[in-house]
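Here is a short briefing to read alongside the sequence and the 3D view. Keep both open as you go through the points.

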Amino acid sequence: MSQPYSVNFSLKELSVESANCAKGVEPLDKEECDRVLRKVDWHLLPFVSLLYLLCFLDRSSIANAKIAGMATDLNLIGLRYNTAAAIFFIPYCLGQIPSNITLKLFRPSRWIPVIMVAWGLVMTLMCLVSTYQGLLVARVFLGLAESGLFPGVTYYLSRWYPRAEQAKRIAIFCSAATVAGAFGGLLARRSWDRIGGLHGWQWIFCLEGLTTVVIAFAGFFIMHDYPETASFLTETERRCLVQMMKADSQHLATHFHFRYVLQALKDYKIYLQFGILIGAVIPAYTTTLFTTTIINDLGFSAANAQLLSVPIFVFACVCTIIIGTYSDKYRRRGPFALVGQLTALVGYIVLYTQTQAWCIVLVLAWVSSNAGGDMKRGTALGAAIGFANLGGICSSFIYFDPPRFHIGHGTMMGWLSLSILLNCFSMWNYNRLNKQKEKECLERGIQDSDDQKEEFKDDGDESPLFRYAI
């Protein structure tokens with residue numbers, strides 16, 4: 001059997017080879033292919049990262065607003081703040097699969113800016129909230145409007161980059177969330193109180209919402225849809241990138257059909273990775289929602305608590321990009337995610353709040369790499385991210401016993417332990433399935449040819465020619 005049936009074959013080398021064999025396309029060597037991907041980076045990543053920065057800034061600004069006076073003005077006594085934080089995640093999770101299906105049916109350059117305008121308007125109008133009940137309603141609509149961005153952009157990036165190149169790009173995209181945490185703290189530290197008759201926390205909502213709306217309108221003109229229609233690529237670059245993506249997908253189906261949605265929803269491997277992801281999402285959200293509160297409860301003033309939260313998110317940003325880069329370099333997802341899980345577990349054991357950003361990045365790249373076919377990939381990402389974000393509800397209610405927060409830290413240790421166990425099982429399982437596929441190819445004489453790729457194109461990752469990333 002030829003080398004492509006080895007578990008450890010290089011997806012990148014396969015993509016480059018296929019691009020070089022494309023009919024009518026000038027051959028490109030590895031360096032030239034890297035140049036094309038870097039060109040795509042410059043045209044895609046800065047803008048989508050900015051979108052996620054705004055998205056995460058808007059959803060998490062409630063933490064900064066709380067200690068900037070909102071808790072007093074809206075009488076957020078007892079668990080009211082926790083409820084307002086948690087209610088966001090219900091529509092946020094329910095809307096992710098439908099949004100990704102809609103994204104597949106419509107152009108990304110239209111759908112993503114539209115949902116941005118929607119959540120920007122909701123965020124802006126939150127500055128007019130004057131009651132606890134009004135805050136709950138606003139958070140519900142904010143969750144629904146924001147639900148499509150994260151899974152949508154993750155799927156969008158998977159349409160531009162081969163599987164072996166995705167972790168680094170998703171890491172750069174997700175690092176915007178950690179930057180948002182730092183930027184939110186700096187913005188909230190500025191005293192806006194009583195300017196224009198609004199309290200400081202109202203100005204936080206207003207300024208962040210208006211910024212989102214302005215950037216959203218720019219998105220209609222800045223965003224590119226897919227490689228096939230990318231105006232910034234030359235004809236040679238465009239055709240070669242399309243060939244790389246086609247080879248990377250093993251010529252699996254790209255059209256819409258509801259059976260591909262069902263394939264994703266019935267795939268037990270998606271739920272294993274949902275379990276891994278939720279163990280990372282819950283610590284990430286507790287860090288976002290409660291870092292300033294924890295620092296404030298340690299005796300620091302509200303302004304200093306905002307400022308002292310900045311280094312945590314800056315460090316997380318750097319770690320996220322570094323780990324994502326090395327994950328692509330060594331073509332491995334699970335082992336690097338395991339490093340993040342163990343690091344965070346040690347941190348919680350010593351009662352130190354640690355973000356889990358890089359683990360989230362790698363699990364998302366893992367889900368994207370191991371879901372065969374465009375429609376199944378979009379549904380799988382929506383399902384995994386949607387289900388995992390239900391962890392945001394849990395994270396909203398577990399940090400209530402200051403100043404040591406034993407219950408919160410203990411809960412994090414439990415979720416991280418579950419995530420570690422599922423991670424190890426998934427790595428073993430994917431290796432087992434790859435060996436089964438190699439054996440099947442040998443026994444049935446299946447070759448890596450266009451005719452046989454066509455035969456299995458509707459099978460998704462169940463195709464004997466498909467290999468799972470480990």
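The notes below go from the overall fold to the core, the salt bridges, the cysteines and the surface. Please bear in mind that this is a predicted model. The protein chain has 21 helices and zero strands, and 61% of its 470 residues count as buried.

**Overall picture**

- Contacts in this chain often reach far along the sequence: among those between residues at least 6 apart, 82% join residues at least 24 apart.
- The protein chain exposes about 18200 Å², and carbon and sulfur atoms supply 65% of that area.

**The nonpolar core**

- The largest nonpolar core has 113 residues. Those with the most contacts inside it are Tyr-52, Met-70, Leu-149 and Trp-160.
- Helix α2, which runs over residues 30-73, gives the most to this core, with 19 residues.
- Trp-160 is a good residue to click on. Leaving aside neighbours within four places in sequence, its contacts include Leu-37, Val-40 and Leu-44, as well as His-224, Asp-225, Tyr-226 and Pro-227. Also among them are Ala-230, Phe-232, Leu-241 and Met-245.
- Ala-63 also sits in helix α2 and is buried, with a relative accessible area of 2%. Ala-63 and Trp-201 are 138 residues apart in sequence, yet their C-alpha atoms are 10.0 Å apart in space.

**Salt bridges**

- The count comes to eight salt bridges.
- Glu-237 pairs with Lys-39, with their closest N and O atoms 3.0 Å apart. This pair links distant parts of the chain, since Glu-237 is in helix α11 (residues 235-248) and Lys-39 in helix α2, 198 residues apart.
- The two partners differ in exposure: Glu-237 is buried at 6% relative accessibility, whereas Lys-39 is partly exposed at 21%.
- Arg-107 and Asp-225 meet through their side chains in another salt bridge, at 2.9 Å from N to O. Arg-107 lies in the loop between α5 and α6 and Asp-225 in the loop between α10 and α11, so the pair ties together parts that are 118 residues apart in sequence.
- Here Arg-107 is partly exposed, with a relative accessible area of 44%, while Asp-225 is buried at 12%. Asp-225 is also one of the residues in contact with Trp-160.
- Arg-169 forms a salt bridge with Glu-165, with the closest N and O atoms 2.7 Å apart. Arg-169 is buried at 3% relative accessible area, and Glu-165 is buried at 6%.
- Salt bridges that share partners join Arg-35, Lys-39 and Glu-237 into one network.

**Cysteines**

- How many disulfides does a search of the whole structure find? The search finds zero.
- Cys-33 is in no disulfide, and the nearest cysteine sulfur, that of Cys-240, is 6.6 Å away. A disulfide needs the two sulfur atoms within 2.5 Å, so this pair does not qualify.
- Cys-240 is likewise in no disulfide, with the sulfur of Cys-33 as its nearest cysteine sulfur.
- Are these cysteines buried or exposed? Cys-33 is buried, with a relative accessible area of 1%, and Cys-240 is buried, also with 1%.

**A nonpolar surface patch**

- Val-314, Val-318, Ile-322, Tyr-326 and Tyr-330 form a nonpolar patch on the surface. Together they have about 460 Å² of accessible area.
- Within this patch, Val-318 is found in helix α15, residues 310-330. Val-318 counts as partly exposed, at 44% relative accessibility.

Terms used
Residues numbered from 1 in each chain as written. Predicted model: local features only at pLDDT ≥ 70, side-chain atom pairs only at ≥ 80, totals over all residues. Heavy atoms only, no water. Buried < 20%, exposed > 50% of the residue type's maximum accessible area, 1.4 Å probe, protein only. Core = buried A, V, L, I, M, F, W, Y, C linked by side-chain atoms within 4.5 Å. Helix = DSSP H or I, 4+ residues; strand = E, 2+ residues; numbered from the N terminus. Contact = heavy atoms within 4.5 Å. Patch = residues over 30% accessible without salt bridge, like charges linked within 9 Å, V, L, I, M, F, W, Y side chains within 5 Å. Areas by Shrake-Rupley, 256 points an atom, 1.4 Å probe, with all protein chains shown as cover. Salt bridge = Lys/Arg side-chain N within 4 Å of Asp/Glu carboxyl O.
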